[in-house]
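Please open the model in a viewer and keep the sequence panel visible. The tour below proceeds selection by selection.

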Amino acid sequence: MTELQTTPRARRPRPAVVTLTEAAAERVRALTEAGGHKALRVGLKNAGCAGQEYTFAFADELGPLDEVVVDKGATVVVDPKSILFLIGSELDYEVTKLASKFVFRNPNQTDACGCGESVTIIPAKALDAD
C-alpha cells in the first residue's frame with residue numbers, strides 16, 4: 001500500500017466571528033483601557049423567557065478555544081460555546097436619552113422576548129468546504 005501524501009494548500013482567510021461598528025470599537029477600547037483589561041469577552045448563556053441572553057465580561061486571560069477578534073483597534077474574545085450562535089453578528093454601541101448599551105445585530109437570532117433581555121438564536125449552518 002502506498003502512503004498518502006498531502007500537499008499543503010493556501011487556506012482562504014477565515015472571516016471574523018463578529019465585527020464591530022466604530023461606536024462599539026470605541027467603547028470597547030475605552031472600557032478595557034480604563035480598567036486595565038486585555039479584551040471584552042462576549043457570549044451567550046441559557047436564560048430568560050426566549051431562551052438565551054448575551055453576556056459581557058472583561059477578559060484578562062484566554063482559554064485554549066477562545067476566538068479572538070481584533071476589529072478597529074478593539075479586542076473582543078468570543079466564548080467557544082457561543083461561536084456558532086454569533087457567526088456573522090455585528091456588535092454596535094447605542095446611546096439614547098434613556099440608555100447606553102451594546103447591541104448585537106445577529107443574523108442567527110430568530111426571536112426576542114418582549115422586554116428585550118433574552119433572545120432565541122439558532123446555530124449558523126456549516127458553509128460549503130469549497
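Select D92 and R105 first: they form a salt bridge whose closest N and O atoms are 2.8 Å apart (a salt bridge being a side-chain nitrogen of Lys or Arg within 4 Å of a carboxyl oxygen of Asp or Glu). D92 lies in strand β6 and R105 in strand β7, so this pair ties together parts that are 13 residues apart in sequence (strands are DSSP runs of E, at least two residues, numbered from the N terminus). D92 counts as buried at 11% relative accessibility, whereas R105 is partly exposed at 38% (buried means under 20% relative accessible area, exposed over 50%, partly exposed in between, with a 1.4 Å probe and protein chains only).

The model is predicted: local features need pLDDT of at least 70, side-chain atom pairs count only at pLDDT 80 or more, and totals for chains, interfaces and linings use all residues. Residues are numbered from 1 along each chain as its sequence is written, and side-chain values use heavy atoms, with hydrogens and water left out.

Add E90, which also forms a salt bridge with R105, the closest N and O atoms being 3.0 Å apart. E90 is partly exposed, with a relative accessible area of 28%. With E94 included, the selection E90, D92, E94 and R105 shows a network of salt bridges.

Next, display the backbone of β6 (residues 89-95) and β7 (residues 100-105), which pair in the antiparallel sense over 6 bridges (pairing requires at least two DSSP bridges between two strands). The two strands form a hairpin with 4 residues between them. Within it, L91 stands opposite F104.

From F104, extend the selection to Y54, F56, Y93 and F102; together these residues form one aromatic cluster. The structure holds 4 aromatic pairs (rings of Phe, Tyr and Trp, the last by its six-membered ring, pair if their centres lie within 6.5 Å; planes under 30 degrees apart count as stacked, over 60 as edge-to-face and the rest as tilted). F56 and F104 have ring centres 5.9 Å apart and planes at 25°, so they are stacked. F56 belongs to strand β3 and F104 to strand β7, so the contact ties together parts 48 residues apart in sequence. F104 is buried, with a relative accessible area of 10%, while F56 is partly exposed at 35%.

Finally, select D66 and R41, another salt bridge, with closest N and O atoms 3.0 Å apart. D66 sits in the loop between β3 and β4, and R41 in strand β2 (residues 39-46), 25 residues apart. Is D66 buried or exposed? D66 is buried, at 15% relative accessible area.
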